[in-house]
Amino acid sequence: MTIESQEMCPECNQFGAPIDILNGNEMDELHEKLFFNGVKPGLLTIFDGSLQYGDDIECTLECQKCGQKFELYCNIYHGRGGYFRPTT
């Protein structure tokens, strides 16, 4: 279930818009944003799964300020098909 971004804290709101991942380039851009704007500065932590590339990326991230969780899934092997979205 997705939620509206106004329920998120100002820090994680930048990750609030659901994204359909259509190709490998989009996944690369999202991966970079999640890592450098979220995980590396300590705003988001990996709650479940991994951000490491493999055939598939399946990961749940959690905002350390408000507890909002985000789901990431992408089929890297085929280079398409995936999503990133806030979840409850």
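Below, a colleague asks a modeller how the terms used for this structure are justified.

Colleague: What kind of model is this, and how are its residues numbered?

Modeller: This is a predicted model, in which local features need pLDDT of at least 70 and side-chain atom pairs count only at pLDDT 80 or more, while totals for chains, interfaces and linings use all residues. Residues are numbered from 1 along each chain as its sequence is written, and side-chain values use heavy atoms, with hydrogens and water left out.

Colleague: How many helices and strands are there in the protein chain?

Modeller: The protein chain has one helix and five strands, in the order β-α-β-β-β-β along the sequence. Helices (H or I, at least four residues) and strands (E, at least two) are DSSP runs, numbered from the N terminus.

Colleague: What makes Phe15 count as buried or exposed?

Modeller: Buried means under 20% relative accessible area, exposed over 50%, and partly exposed in between (1.4 Å probe, protein chains only). Phe15 has 3% relative accessibility, so Phe15 counts as buried. Phe15 lies in the segment before strand 1. Its C-alpha is 9.8 Å from that of Cys63, although the two are 48 residues apart in sequence.

Colleague: And why is Met8 called buried?

Modeller: The relative accessible area of Met8 is 7%, so Met8 is buried. Met8 also belongs to the segment before strand 1. Between the C-alpha atoms of Met8 and Lys69 there are 9.7 Å, with their positions 61 residues apart along the chain. Over the protein chain, 34% of the 88 residues are buried.

Colleague: Why are the buried residues of helix 1 said to be on the same side?

Modeller: Those residues are Met27, Leu30, His31, Leu34 and Gly38. They lie on the same side of helix 1 because they cover an arc of only 105° around the axis. The arc is that of the directions from the helix axis to the C-beta atoms. An α-helix has 3.6 residues a turn, so residues three or four places apart point the same way. On the face of helix 1 turned away from the buried side are the exposed residues Asn25, Glu29 and Glu32.

Colleague: Which residues make up the patch of negative charge?

Modeller: Asp20, Glu26, Asp28, Glu29 and Glu32 gather in that patch on the surface. Patches take residues with over 30% relative accessible area and no salt bridge, joining like charges within 9 Å. Asp and Glu count as negative. Helix 1 (residues 24–39) supplies the largest share, four residues, and Asp20 sits in strand 1 (residues 19–21).

Colleague: What makes Asp20 exposed?

Modeller: Asp20 has 59% relative accessibility, so Asp20 counts as exposed.

Colleague: How do you know that Glu62 and Lys69 meet in a salt bridge?

Modeller: A salt bridge is a side-chain nitrogen of Lys or Arg within 4 Å of a carboxyl oxygen of Asp or Glu. For Glu62 and Lys69 the N to O distance is 3.4 Å, and the pair is a salt bridge. Glu62 counts as buried because its relative accessibility is 18%, whereas Lys69, at 22%, counts as partly exposed.

Colleague: How many salt bridges does a search of the whole structure find?

Modeller: The search finds two. Arg85 forms a salt bridge with Glu71, their closest N and O atoms being 2.8 Å apart. This pair links distant parts of the chain, with Arg85 in strand 5 (residues 80–87) and Glu71 in strand 4 (residues 69–75), 14 residues apart. Arg85, at 29% relative accessibility, counts as partly exposed, and Glu71 counts as partly exposed at 23%.

How values were computed
Patch = residues over 30% accessible without salt bridge, like charges linked within 9 Å, V, L, I, M, F, W, Y side chains within 5 Å. Areas by Shrake-Rupley, 256 points an atom, 1.4 Å probe, with all protein chains shown as cover. Charge placed at Lys NZ, Arg CZ, Asp CG, Glu CD.
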